[in-house]
Amino acid sequence: EALVINDPDFQHEDLNFLSRSQRYEQAIRKSSLMVMKLREYGIADPQEIYWFKSFVHRGRPEPLDLHLGMFLPTLLTQATPEQQDRFFMPAWNLEIIGTYAQTEMGHGTHLRGLETTATYDPATQEFILNSPTVTSIKWWPGGLGKTSNHAIVLAQLYTQGQCKGLHAFIVPIRQLGTHEPLPGITVGDIGPKFGYDEMDNGYLKMDNFRIPRENMLMKYAQVEPDGTYVKPLSDKLTYGTMVFIRSLIVGDSARSLSRACTIAIRYSAVRHQSELKPGEPEPQILDYQTQQYKLFPLLATAYAFHFVGAYIKDTYHRISGDINEGDLSELPELHALTAGLKAFTSWTANAGIEECRMACGGHGYSRCSGIPDIYVTFTPSCTYEGENTVMMLQTARFLVKSYTQVSSGQRVTGMVSYLNDLSRQRIQPQHVAARTVTVRINDPVSLVEAYKARAARLVEAAAKNLQAELNHRKSKEDAWNRTSVDLVRASESHCHYVIVKLFTAKLSEISNAAVRAVLTELCLLYALYGISKNTGDFLQAGILTDTQITQVNQRVKELLAIIRPNAVALVDSFDFHDVHLGSVLGRYDGNVYENMFEWAKKSPLNKTEVHESFHKHLKPMQAKL
Amino acid sequence: SMNPDLASERQTASFSVEKLTAWLDGGAEHTRIRRAVVEAIESDPVFSRENQYFQTQNERYEAAVRKAVHLQKKMHEMGWTEDGPEFKYIYRALSGDIAFLLHRVFMRSISVLGSDKQIAKWIPLATQYQLIGSYAQTELGHGTYLQGLETTAVFDTTTQEFILNTPKISAMKWWPGDMGRSATHTVVFAQLYVHGKCYGVHPFIVQIRSLQDHSLCPGIIAGDIGPKMNFEHIDNGYLMLQNVRIPRENMLNKFCEVQPDGTYVSQGSQKINYFTMTTVRISLISDEVIIPLMKACTIAIRYSVVRRQSKLKPGEEEAKILDYQTQQEKLLPPLAAAYAFHFINNYLQELFNRGYGEIQRKNFDTLPELHAFSSGFKALVTQYCTSAVDICLRACGGHGYSLLSGLPSLYTKIVASCIYEGENTILLLQTARFLIKCFTAARAGQPVPPSVTYLAAVKPEKCPAKNKLDFLCPETYTKAYQHMAVRLVSSTAAKLQDLIQSGVKKHDVWNQCTVQLVQAAKAHCHYITVKNFVETVEKLETKAGIQKIMKHLCDLFALHGIFSNAGLFLHDGYLSGAQMDMVTASYLDLLAVVRKDAVPLVDAFDFTDKSLNSALGSYDGQVYQRLYEWAQKSPTNKQMSPAYERYLKPLLHNTLSKL
């Protein structure tokens with residue numbers, strides 16, 4: 001960290017004052033330097049590279065992300081040894097800069113809908129790549145617009161007159177040397193976006209563009225010289241990559257929300273406003289109950305997501321050993337769980353970041369607060385790597401499947417094992433009602449049970465509604481669609497339960513008593529706040545009574561006051577460096593106002609004392625009127 | 001040519017779009033005038049917004065100033081006047097992308113707070129743009145809480161002047177629009193001191209820049225506050241005052257005056273100083289909040305019938321994403337809300353016009369109600385519309401994230417409305433204070449304004465609905481909302497009372513109940529919105545074609561509110577669990593019903609393509625073609641990036657391969 005932050009080569013003007021082209025240029029400059037310095041220092045460990053990169057770019061996207069994060073790894077996993085010889089070292093030395101072109105203008109999460117074609121021509125032993133429609137133009141891949149000279153393109157493979165589905169091809173797109181687009185290739189930047197200013201997300205259109213047969217990535221599926229297609233062994237393997245990337249997003253949700261909380265909570269301790277007691281000076285806004293109610297549940301959420309992110313990563317590493325040995329039994333559940341948690345955490349963090357920003361009042365809106373930047377960088381994660389609603393429905397599919405198994409007398413294992421209890425409850429209809437008195441609102445373990453009961457109820461309700469629709473209608477797809485709002489709710493409640501469960505389980509692992517005490521308070525706040533925001537579910541299922549809900553609401557407010565003295569310490573524990581936080585409001589030293597003034601003086605509009613608009617427009621107008 | 005997926009949606013409309021548009025405008029004549037204004041503005045290239053997504057902060061600011069100057073010429077040419085029927089449509093036609101908006105607030109504050117003499121002196125100068133005004137209230141360290149402002153104005157009897165000062169950094173004026181670069185004058189709010197005594201916050205007209213060369217006046221430090229999430233075209237500014245002297249006559253003195261000997265005279269309510277804010281709050285709801293939501297709905301809904309994804313039925317082509325229930329669940333409640341808020345805005349305008357008449361006659365009785373309403377609805381509507389625009393943005397998947405979709409800039413602009421002109425939480429607490437007061441009065445049998453008489457009714461009852469169709473009866477759901485609002489207000493009042501009786505200090509009591517108070521204020525505003533929607537639909541009886549679809553939207557708005565706040569309605573058993581299932585069933589049924597008219601319902605908002613400025617939302621639905629062509633105009637594609645020559649080339653060739 002210090003290595004990068006103190007390096008004069010990585011300094012530059014505040015990005016907020018630069019145009020998009022300038023931000024792109026700065027990012028490229030830093031990436032180039034970074035690659036050279038990594039070699040110079042001999043840093044090769046992936047974890048160390050990750051940290052180095054994250055400090056160079058201060059956690060921001062950069063144009064080589066796709067080269068390093070997708071192009072190189074895809075070569076390693078999907079290229080044959082011969083292909084690795086041809087492409088890997090040039091790519092490692094950045095003579096080849098690549099990207100990964102999957103999404104098209106008209107097609108996103110639903111991969112089978114992609115339209116780009118790769119038609120095999122046995123006469124010349126080449127694939128002919130085409131973008132047959134406007135909707136099939138590759139759109140969005142990072143680094144594609146201006147930076148890359150190669151792309152791994154996903155296209156529908158046609159050979160011997162048949163479509164064999166999606167496959168990956170290495171396509172050169174720009175001339176080595178001049179960097180001009182090759183004939184048959186139309187490539188460019190897709191224009192300005194909400195965020196990701198330093199990334200040249202691009203478009204790519206191919207017209208009868210020919211590549212040699214050897215450019216199809218053929219470690220698994222193959223096309224032989226005569227056009228014969230050889231099928232891959234298993235397609236479940238690609239699940240592994242998706243699980244991995246989605247688990248990263250869960251971690252990113254935790255990190256981005258933690259950054260926003262750090263800024264908002266520190267600023268709320270510095271900002272004074274109005275009066276609580278007549279005659280006394282204006283209090284810190286963090287002393288207002290409404291401000292605590294906005295921020296502390298988010299702080300608790302940030303901690304909860306940290307633990308969830310760590311859990312998924314560990315589970316993935318644990319079972320990826322099994323996967324390599326061909327044991328895929330745990331993969332479906334992990335895949336379903338990760339999809340839902342990716343959606344749950346990114347939705348929550350997305351809204352939470354904005355709440356943090358708004359809790360900073362007007363100054364949160366200034367780019368100097370740093371939160372607008374966190375938000376625009378984070379918000380696309382609700383869409384990329386699987387649109388959230390679609391993800392929730394994938395989880396729901398798994399839940400319904402598990403429910404059906406239980407209904408037909410089988411037992412299910414893992415996080416959904418609570419569904420096993422449902423059949424017993426049907427025999428004893430009083431069971432649910434009898435349990436209401438047993439929820440103890442100060443005991444996290446008891447609250448896990450309450451969340452479990454809610455998930456069970458909503459999964460069951462969704463599954464039953466789905467069955468009812470199926471009885472009415474012919475088409476399975478139609479019935480599924482007409483139940484999808486219920487299904488998403490079921491998935492959400494399942495994910496919510498998993499998070500409360502994981503947070504609670506984490507508490508027993510903490511050896512330091514003071515740390516355990518404060519995290520227990522946060523865990524309780526997370527669980528109780530979740531109940532108070534979803535009281536309908538708990539009331540309707542008879543899990544909690546009116547009186548208990550009133551107690552929950554009251555307890556939430558008590559916890560706010562209990563957490564208040566530790567609030568700043570809890571965000572300091574996230575240990576973000578000021579440079580990484582990139583916020584005037586969230587500075588560690590709290591010297592907010594004088595630094596806002598210093599920052600504003602550097603604004604591009606302030607470059608001259610009298611702005612040129614005065615001479616160009618104002619003065620002539622005043623003369624005329 | 002028209003995208004066939006969009007064309008088919010229009011063929012099945014259950015009502016006449018043109019009729020609905022006319023009704024929304026308040027009559028066909030208004031529609032005609034609005035269209036004429038929009039046409040005149042949009043056909044003038046100076047007002048074009050086509051390149052705005054590619055422009056830097058400096059370019060945006062310059063364009064906004066150019067447009068503001070050009071608008072004066074245009075108005076003259078077209079014969080539009082500030083009192084004419086065209087005026088209110090100009091801002092809509094420009095999508096607010098223009099400078100000198102604070103100049104108007106400057107003028108309004110002088111008209112409301114200034115004496116006749118002051119009006120006669122300043123208003124003509126401002127109208128002729130011989131000076132450019134701003135309105136400097138907020139400080140670096142102080143926002144919504146006005147009493148906390150730190151700028152001082154000390155009266156000097158010897159010179160008959162006020163001496164203005166910024167005593168410390170947190171007292172610097174910060175945020176006022178048009179002040180960073182443009183304004184020559186501003187209304188400064190400062191603590192008035194006469195003979196060492198503080199009389200609270202008052203408004204003063206202060207010149208900050210030379211009328212000759214625009215340089216800063218002595219004692220003034222001012223500039224732009226730097227880049228923001230949006231409003232790049234506005235030069236929000238900072239202002240520091242160092243012993244700046246202004247004549248006694250520059251204090252706006254319609255209601256309060258400092259006489260030459262330093263005697264302080266106040267007539268009428270102190271509260272009148274806040275009246276400008278009430279006015280601004282009400283006026284921003286339509287242009288800054290509801291219209292952006294209508295635009296976002298238009299873009300997202302049109303795009304959702306053009307975009308196809310996955311298959312609903314095997315063997316068929318990929319389905320329009322609006323046919324997915326989850327997509328309907330995202331987009332149709334915001335659409336219903338856009339209509340609901342359009343109607344509540346009409347209601348507020350009426351309330352305001354009546355109240356304003358009274359105030360002109362120096363009768364301030366309606367002020368508390370007006371203040372409470374403008375605060376509560378400003379908060380409710382801005383908060384709801386902001387999250388609805390965000391939903392629209394994310395409902396457009398990846399393409400929503402492109403600036404060319406138009407959605408990010410709608411979002412970043414509307415989101416500011418949750419903070420400016422009063423931070424929402426604080427505003428809701430002001431409404432809550434009014435409600436608690438009225439509740440206490442009503443329960444004691446004292447008269448209260450008609451809008452809150454419902455608080456007097458105490459009927460512990462249950463919802464009578466027996467099946468899901470019963471929930472399509474407006475009386476059923478309006479009563480449920482009313483019951484919920486009364487319950488939340490009364491239980492909060494009881495909690496306040498309990499805490500006071502148990503000996504807790506008054507200020508602590510208030511702070512301990514604020515979370516509940518905010519909830520009660522929201523419930524009240526939500527109830528009034530539903531009630532007003534129902535009444536609006538009832539008045540529609542003669543226009544049957546429109547009434548049916550409006551009734552569906554009203555039902556949808558109301559049931560969505562119950563569905564998504566289920567706990568509030570279940571809490572005391574007003575609705576049973578079984579009834580909540582009926583609500584859910586009716587609500588989901590309505591989604592499918594409103595789905596059929598979704599495109600005509602957004603067409604009725606009648607936005608031109610230029611005004612939407614979106615590749616995804618155009619009327620003809622040629623989404624992909626437009627996105628592709630527009631992207632190619634991006635500066636990143638027109639110029640060869642210096643990044644290649646400077647960094648990429650060495651990276652690709654020499655330097656690195658040697659390592």
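**Exercise 1.** In which loop of chain B is B:E421 found? Work out its place, backbone and exposure.

*Solution.* A quick word on the model first: it's predicted, so local features need pLDDT of at least 70 and side-chain atom pairs pLDDT 80 or more, while totals for chains, interfaces and linings use all residues. Residues count from 1 along each chain as its sequence is written, chains are lettered from A and ligands numbered from 1 in the order written, and side-chain values use heavy atoms, without hydrogens or water.

- Step 1: look between α12 (407-414) and α13 (424-443) of chain B; B:E421 sits in that loop. Helices (H or I, at least four residues) and strands (E, at least two) are DSSP runs numbered from the N terminus.
- Step 2: check phi. B:E421 isn't a glycine, yet its phi is positive, about 55°.
- Step 3: B:E421 is partly exposed because its relative accessibility is 29%. The cut-offs are under 20% relative accessible area for buried, over 50% for exposed and in between for partly exposed (1.4 Å probe, protein chains only).

**Exercise 2.** Now place B:Y129 and say whether it is buried or exposed.

*Solution.*
- Step 1: go to the loop between α7 (116-127) and β1 (133-136) of chain B, where B:Y129 is found.
- Step 2: phi of B:Y129 is near 55°, a positive value in a non-glycine residue.
- Step 3: with a relative accessible area of 7%, B:Y129 is buried.

**Exercise 3.** Which residues does B:A523 contact, leaving aside neighbours within four places in sequence?

*Solution.*
- Step 1: find B:A523 in helix α16 (residues 514-538) of chain B.
- Step 2: at 4% relative accessibility, B:A523 counts as buried.
- Step 3: its contacts (heavy atoms within 4.5 Å) are B:M484, B:A485 and B:L488.
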